[in-house]
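Please look over the model shown here. The report below walks through its ligand site, its strands and helices, and its local backbone features.

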Amino acid sequence: MNASLMQIYNAIEKSPSVMLFRHRRIDGDCVGATKGLKGIIQATWPDKKVYIIDNEKSEYLSFMGKDDEEVDDEVYKKSLGIVIDVGNAERISNQKYALCSPIIKIDHHINKEKYGDIQWVEEDRSSACEMIAHLYSVFKDKLKITSEAATHIYTGMLTDSGRFQYEGVTGDTMRLAGLMLDQGIDTETLNARLYMRDFDQLKFKAFIYENMRLTPGGVAYIHVTKEIQARFGLSFESASASISSLSDIKDVLCWLAFIDADDGEIRVRLRSRFAHINGIAEKYHGGGHACASGATVYSPEEMKQLIDDADKHISAYKSTHDGWM
Ligand code: AMP
């Protein structure tokens, strides 16, 4: 067993109060992992206090339930802090995490920054939820789980792995997903919640296919400007979902969505198959995984530079590798 797993179990067991933290711009994985671990801790030790304090809201993930109300700083100071699914501390959505002691980092991003007192980082895991499922499986004789907690964990495993299709999915992923399914998950309802679209969202999808651009090297991209967001009545979150529409174009090994944010910044979502693109995200104030990263650009010129870099990178990849599609 990984030594940090035992340390994590021991730290949770002896802490009367635990606070769970996640990254900004929440997604199914960081919400599922925090809520799933909270459920496991509460089912196992009903007397412990467990908090998730995060003021970010997501319409898409609202079915996963609300977080806890803010508490006094004193509560943070007396709590164990567990940060899940955040590569670099600056991206933790609730920066008061730093008041907790000790602090544990559980993550599956490329490990650029070692924050916290105990770290358990496995870059090859397909999701942070897979790590929480693994933690549960290792201590199965001591831990309890509910079907609600298993559903949270399964939700993150499903969403972060693109429904179990990305590179990081292994036999272990499927075995752990199976262990969660064994707890009684209503997959029909869950899949409907995650993947059904309003008809208006499908009209936006049609717009994306009509208006996306392709570079000579094989990079597809779309810029969802403020004007487009207003025209389709899109929240920032649904504008950001445009990235998934670009994922299955043959010969396109990298796809990008640029989303205008309220602060004048342009959020970038980068995805790829075969070729790794996290280096490009890091150049543009971001990071993430080899084939799924995020970044920010601050002007149309910088956006163009990023597209050029991606185009060159994919062209170089194609000229030096076989077997891509
Ligand atoms: P997203 O496009 O926001 O879903 O991000 C894809 C992956 O990259 C996720 O695992 C994010 O946690 C990570 N990521 C997104 N933005 C950043 C950033 N600015 N810095 C580091 N990692 C990021």
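Is Asn94 buried or exposed? At 9% relative accessibility, Asn94 counts as buried, because the cut-off for that class is under 20%. The model is a predicted one.

## Asn94 and its loop

Asn94 sits in the loop between S3 and S4. The side chain of Asn94 makes polar contacts with backbone atoms on two other residues. One partner is the backbone oxygen of Ile53, reached at 3.0 Å. The other is the backbone nitrogen of Lys96, which lies 3.0 Å from a polar atom of the Asn94 side chain.

The loop between strand S3 (80-84) and S4 also holds Pro102. The peptide bond leading from Ser101 into Pro102 is cis, with omega near -10°. Most peptide bonds are trans.

## The ligand site

Which residues are the closest to the ligand? They are Arg91, His109, Arg267, Arg269 and Arg271, out of 14 residues that surround the ligand. By class, the shell has nine polar residues, four charged ones and one nonpolar one.

Three polar side-chain contacts to the ligand can be listed, each to an oxygen atom. For His109, the distance from a polar side-chain atom to a ligand oxygen is 2.7 Å. For Arg91, the distance is 3.0 Å. For Arg271, the distance is also 3.0 Å. On its own, the ligand has 480 Å² of accessible area, and the protein covers 87% of that.

Three strands each supply at least two residues of the shell. They are S9 (266-272), S10 (287-288) and S11 (292-297).

## Strands S4 and S5

Strand S4 (residues 103-107) pairs with S5. The sense is parallel, and the pairing runs over four bridges. Across this pair, Ile104 stands opposite Ile118 in S5.

Strand S5 (residues 118-121) has two unlike faces. Ile118 and Trp120 form the covered face. Gln119 and Val121 form the uncovered face. Ile118 thus has two roles here: it belongs to the covered face of S5, and it is the residue opposite Ile104.

## Helix H4

How many of the eleven residues of helix H4 are buried? Nine are, so the helix (residues 128-138) is largely enclosed by the rest of the structure.

The buried residues are Ala128, Cys129, Glu130, Met131, Ile132, Ala133, His134, Leu135 and Tyr136. Glu130 and His134 are included in that buried set. An α-helix has 3.6 residues a turn, so residues three or four places apart point the same way.

## Cysteines

How many disulfides does the count give? The count comes to zero. A disulfide would need two cysteine sulfur atoms within 2.5 Å.

Cys30 is in no disulfide, and the nearest cysteine sulfur, that of Cys129, is 8.7 Å away. Cys30 is buried, at 0% relative accessibility. Cys129 is itself one of the buried residues of H4. Cys254 is in no disulfide either, and the nearest cysteine sulfur there is that of Cys291, 9.6 Å away. Cys254 is buried too, with a relative accessible area of 0%.

## Ser161 and Phe164

Where is Ser161? Its place is in the loop between helix H5 (147-160) and helix H6 (171-181). Ser161 is buried, with a relative accessible area of 0%.

The Ser161 side chain has two backbone partners listed here. It reaches the backbone oxygen of Met157 at 2.6 Å. A polar atom of the Ser161 side chain also lies 2.8 Å from the backbone nitrogen of Phe164. Phe164 is found in the loop between H5 and H6. Phe164 has a positive phi of about 65°, although it is not a glycine.

## His285

Most residues other than glycine have a negative phi. His285 is not a glycine, yet has a positive phi of about 60°. It lies in the loop between helix H11 (278-283) and S10. S10 is one of the strands that supply residues to the ligand shell.

Is His285 buried or partly exposed? At 47% relative accessibility, His285 counts as partly exposed.

Technical notes. Residues are numbered from 1 along each chain as its sequence is written. This is a predicted model: local features need pLDDT of at least 70, side-chain atom pairs count only at pLDDT 80 or more; totals for chains, interfaces and linings use all residues. Side-chain values use heavy atoms; hydrogens and water are left out. A residue is near a molecule or strand if one of its heavy atoms lies within 4 Å of it. A polar contact is a pair of N or O atoms within 3.5 Å; within protein, one must be able to donate a hydrogen and the other to accept it, and residues adjacent in sequence count only if both atoms are side-chain atoms. Accessible areas come from the Shrake-Rupley method with a 1.4 Å probe; for residues, only the protein chains shown count as cover. Ala, Val, Leu, Ile, Met, Phe, Trp, Tyr, Cys and Pro count as nonpolar, Asp, Glu, Lys and Arg as charged, and the others, Gly among them, as polar. Buried means under 20% relative accessible area, exposed over 50%, partly exposed in between (1.4 Å probe, protein chains only). Two strands pair if DSSP finds at least two bridges between them.
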